[in-house]
Amino acid sequence: MKRILLLSLFIFCLPVNIQESGASAGVELARAPKAKEEASLRALDEYKDTLHSLGQELSDQGVLIETADGSQTLADHNANVAFNPASVMKLATSLVAISKLGPDYRYRTDFLADGALDFSSRKLEGDLVVAGNADPMFAIADAQEVAGELSRLGVSRVTGTLKIAGAFYYFATGYRCNLSRETSAAKLRAAFQRAGIRVDGPTVFGEKSGTLLLSHYSDQLVRVLLFQNAHSSNAVAEVVGESVGGPQAMQSFLVESLGLSENDLYVGRASGLEFNRITPRGSLKVLRALASVLTAHSLKLEDVMAVAGIDSGTLRTRLGSDDVRGAVVAKTGTLVSIDNGVSTLVGIAYTRTRGPLLFAVFNSGGSVHKYRRLQDQFVERLIAEEGGPVKGMRSEDALADLTRQTIVQVLYKRRAETEEKPAD
């Protein structure tokens, strides 16, 4: 696809201040300086020379590296040209979701009885209604937990249908099957069956109705986003994007809140699949804004992004040498069949000389595997040139034992339990 050519724009920048607290750091927004100081970075020249020697077109590449406070630009190559960000778009999805919903937000799924409950025979004479609200990670453990509570309420058989209302998705490791409402409903039905909840009728899709039995609440959004970004889950990102209004709503939010031009950005998919566009400069605006909204909630970038060489996911085996392991927090992006191969890396590198450095590296038109190696080498040289790494974001995999913190609230009270007993 043709890359979009951008007009030069004077855009209000969103730089950051860094305040060290132990080994970690929080990133806060501050006023942009009137003029940026340019600094020469040998690592950029070496990186471009390597790309050229491999026969890659430099016009297909974009780089921007800035100090955290925005006062210095250390590297700038096509920073105002829009490239395909691939899964780096998930950072924009994270920003919009955190800004609109808050980090403690939990997705709620309601379960209702549209019919009479016969506790003597443990039957619901009617339909079991599932009212979804775009929970991106409702899975087998959640279905089992809900089934257990339904059984304790006295429901083990549904004589009517399983009716799905609203946006209900059943989490899966794949992409396509996770977003099919028919497949999601079939997986839920099967999980209920295994847990002892039998539904006699077919699966139907309709409006929410009936008496509320219980509500299931997902993990907190901040934990959902850490999983999404560390594992680069397209399925989770698509549902999170839907929960905040979809790609067009995301685009409008980013343009209005960050001062981006619509020529700087195109959100086609919340996951970064297929055709999307953003400039390296725009991606660092997103990263700064994400850091700012997290700081406002006493959180840090590593609460929603992976630490390279430490956390499970796409960065587990990258930037993991003893020299830099634990000094980079970033988001990867990969597309093989779009723009002749896309690989991206956006994040923050903690260095001794200038402190935290924000970086965006966009590659297209080549082998994604080669690009990943070159990106890692580039970031390693950057850190070495800036006095070496500052480590300690975390030393252990934050996703190794991501204990579920879901909640099930039972709201239905059996009449016999609510009636007041006569006094003796």
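Is Pro103 buried or exposed? At 4% relative accessibility, Pro103 counts as buried. Buried means under 20% relative accessible area, exposed means over 50%, and partly exposed lies in between, with a 1.4 Å probe and protein chains only.

The model is predicted: local features need pLDDT of at least 70, side-chain atom pairs count only at pLDDT 80 or more, and totals for chains, interfaces and linings use all residues. Residues are numbered from 1 along each chain as its sequence is written, and side-chain values use heavy atoms, with hydrogens and water left out.

## Overall

The protein has 10 helices and 19 strands. Helices (H or I, at least four residues) and strands (E, at least two) are DSSP runs, numbered from the N terminus. Of the 424 residues in the protein, 55% are buried. Contact means heavy atoms within 4.5 Å. Take the contacts between residues at least 6 apart in sequence: 74% of them join residues at least 24 apart.

## Pro103 and its surroundings

Pro103 sits in the loop between α2 and β6 (108-118). Neighbours within four places in sequence set aside, Pro103 is in contact with Ile98, Gln220, Leu221, Val222, His297 and Leu299. Pro103 and Val224 are 121 residues apart in sequence, yet their C-alpha atoms are 9.5 Å apart in space.

## Helices α2 and α5

Two packed helices are described by the angle between their axes and the distance between the axes. For α2 (residues 89-101) and α5 (residues 221-231), the angle is about 175° and the axes are 11 Å apart. The two helices are therefore roughly antiparallel to each other. Axes are lines fitted to C-alpha atoms, for helices over the stretch in contact, and angles run from 0 to 180 degrees between N-to-C directions. Under 35 degrees counts as roughly parallel, over 145 as roughly antiparallel, 65 to 115 as roughly perpendicular, and the rest as oblique.

On the α2 side, the contact is made by Lys90, Thr93, Ser94, Ala97, Ile98 and Leu101. On the α5 side, Leu221, Leu225, Gln228 and Asn229 take part. By class, this contact has five nonpolar, four polar and one charged residues. Ala, Val, Leu, Ile, Met, Phe, Trp, Tyr, Cys and Pro count as nonpolar; Asp, Glu, Lys and Arg count as charged; the others, Gly among them, count as polar.

How many of the 11 residues of α5 are buried? The count is 10, so α5 is largely enclosed by the rest of the structure. Among the buried residues are Arg223, Phe227 and Ala230. The buried residues of α5 pack against α2, α6 (234-243), β15 (306-307) and β16 (328-335).

## Pocket and cavity

Both kinds of space are found on a 1 Å grid over the protein atoms alone. A cavity is a set of points where a 1.4 Å probe fits but cannot get out; a pocket is an open set with protein on both sides within 12 Å along at least five of seven lines; lining residues have an atom within 4 Å of a point. Grid points are joined across faces, edges and corners, and a volume is the space filled by probe spheres set on the points.

The second largest pocket has a volume of about 270 Å³. It is lined by 16 residues, and the closest to its centre are Met137, Asp219, Phe227, Leu402 and Arg404. Two elements, α3 (140-153) and α5, give two or more residues to this lining. The largest share, four residues, comes from α5. The lining divides into eight nonpolar, three polar and five charged residues.

There are three cavities of 30 Å³ or more. The second largest cavity holds about 50 Å³ of space. Its lining consists of Pro85, Val88, Met89, Leu91, Ala92, Ile278, Ser283 and Val286. Elements giving two or more residues here are α2 and α8 (280-296), and α2 gives the most, with three residues. Seven of the lining residues are nonpolar, one is polar and none is charged.

## Positive phi values

Three residues with positive phi are listed here.

| Residue | Phi | Place |
|---|---|---|
| Asn78 | about 55° | loop between β5 (72-77) and α2 |
| Ser232 | about 50° | just after α5 |
| Glu274 | near 65° | loop between β13 (265-266) and β14 (277-278) |

Asn78 is not a glycine. Asn78 is partly exposed, with a relative accessible area of 25%. Glu274 is also partly exposed, at 45%.
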